[in-house]
Amino acid sequence: MARVYNFSAGPSILPETVLAKAASEMLDYNGSGQSVMEMSHRSPVYEEIINDCQSLLRKVMNIPDNYKVLFLQGGASSQFAMVPLNLMNKNRKADYMVTGQFAKKAKEEATKFGEVRVVASSADKNFSYIPEVTEGDFSKDADYVHICLNNTIFGTKFPYIPETGDIPLVADMSSCILSEPYDVSKFGLIYAGAQKNMAPAGLTVVIVRDDLIGNVREGAPTMFDYKTHVDNDSMYNTPPCYSIYVCKLVLEWILNDIGGLEKMKERNEKKAQMLYDFLDSSKLFKATVQGKNRSMMNVTFVTGDAELDKKFCKEAAAAGFVNLKGHRSVGGMRASIYNAMPVEGIEKLVAFMKEFEANN
């Protein structure tokens, strides 16, 4: 069977060269006579894999020396609690920008640990835009400011990085990490579930500044203390070994095949522009987000007729374009065009949409 074009929001498409490499090493990794899936995480051969993955991530993202890289589990959702447990301990206050479902969930989790102030929200327009804020909008005594940089469900993306002064900025980058260069030094902490742009599900990456480590709330579980994982090089318990291995392969692909994050950004902008240009010219399909707030990773659109949306998704799947159905909370369609989606995938999708429009 030919491979389909997979527009899933996550777990999502992986580069074919990465999949082929992983397949070739499935039974015997690097002459070890065993699969990465079954080797001890304490073995020298696996320690080399996890160390290489960290070094590659530091290189690709240009992570400063005063930040630690952690390979954890529990998904980004575990970070909704882990962040306040570690950071909301000076004044027990935090500011949140609520721009989508996951930002909302993060805010609600944080209320269990202290006083949470919603600085800005786009709920009034069904999360179809990103509110503008300035440094003066944030609380002077907030322990941190939290944002979700790209909103997978609603198809929006922060067109700017909020200026927070001396207050640490925390960002959920699950659906945009590695899609373009970001200045890591502008953030106190970055976290991301890996299943969209980095690796298979199971790995959660945390990039945290040194001064934010070691301040966990008294009584917090050992596993929810960043220092636990820093002190043990992400091996306090068995890490998600295979996901880390695939992440290493993905980082090698970005560096060697794509040419780094600047080139990746150019490629992603080309794909997104191609799809948005068609949507803006279409008489049948309409993008649900306009202007500078549009996501480069998750393109949301509708026909305006729920039955026609359903028909489109069904016919698209039959033609080899799968997982285009929008999130159950919003309906419509969503094309998640992460790093691994080739340009030809967008070209063929647009051609199919033009044909569908002509027939309907």
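In this predicted model, three strands, taken as DSSP runs of E with at least two residues and numbered from the N terminus, form an open antiparallel sheet in the order β11-β12-β14, where two strands count as paired if DSSP finds at least two bridges between them. Because β11 (286–287) and β14 (333–336) stand at the edges with a single partner strand each, one side of each is left without a neighbour in the sheet. Helix α7 (residues 261–281), a helix being a DSSP run of H or I with at least four residues, packs on this sheet and touches β11, β12 and β14, contact meaning heavy atoms within 4.5 Å. The direction of α7 makes about 15° with that of β12, on axes fitted to C-alpha atoms, for helices over the stretch in contact, with angles from 0 to 180 degrees between N-to-C directions. Strand β12 (residues 298–302) pairs with β14 in the antiparallel sense over 4 bridges, and T300 stands opposite R334 in β14.

We turn now to the largest pocket, which has a volume of about 380 Å³. Of its 27 lining residues, S77, F102, S174, Q195 and K196 are the closest to its centre. A pocket here is an open set of points on a 1 Å grid over the protein atoms alone, where a 1.4 Å probe fits, with protein on both sides within 12 Å along at least five of seven lines, and lining residues have an atom within 4 Å of a point. Helices α3 (75–87) and α4 (101–110) each supply at least two residues of the lining, and the largest share, 4 residues, comes from α3.

Residues are numbered from 1 along each chain as its sequence is written, and side-chain values use heavy atoms, with hydrogens and water left out. Local features need pLDDT of at least 70 and side-chain atom pairs count only at pLDDT 80 or more, whereas totals for chains, interfaces and linings use all residues.

Key. Grid points are joined across faces, edges and corners, and a volume is the space filled by probe spheres set on the points.
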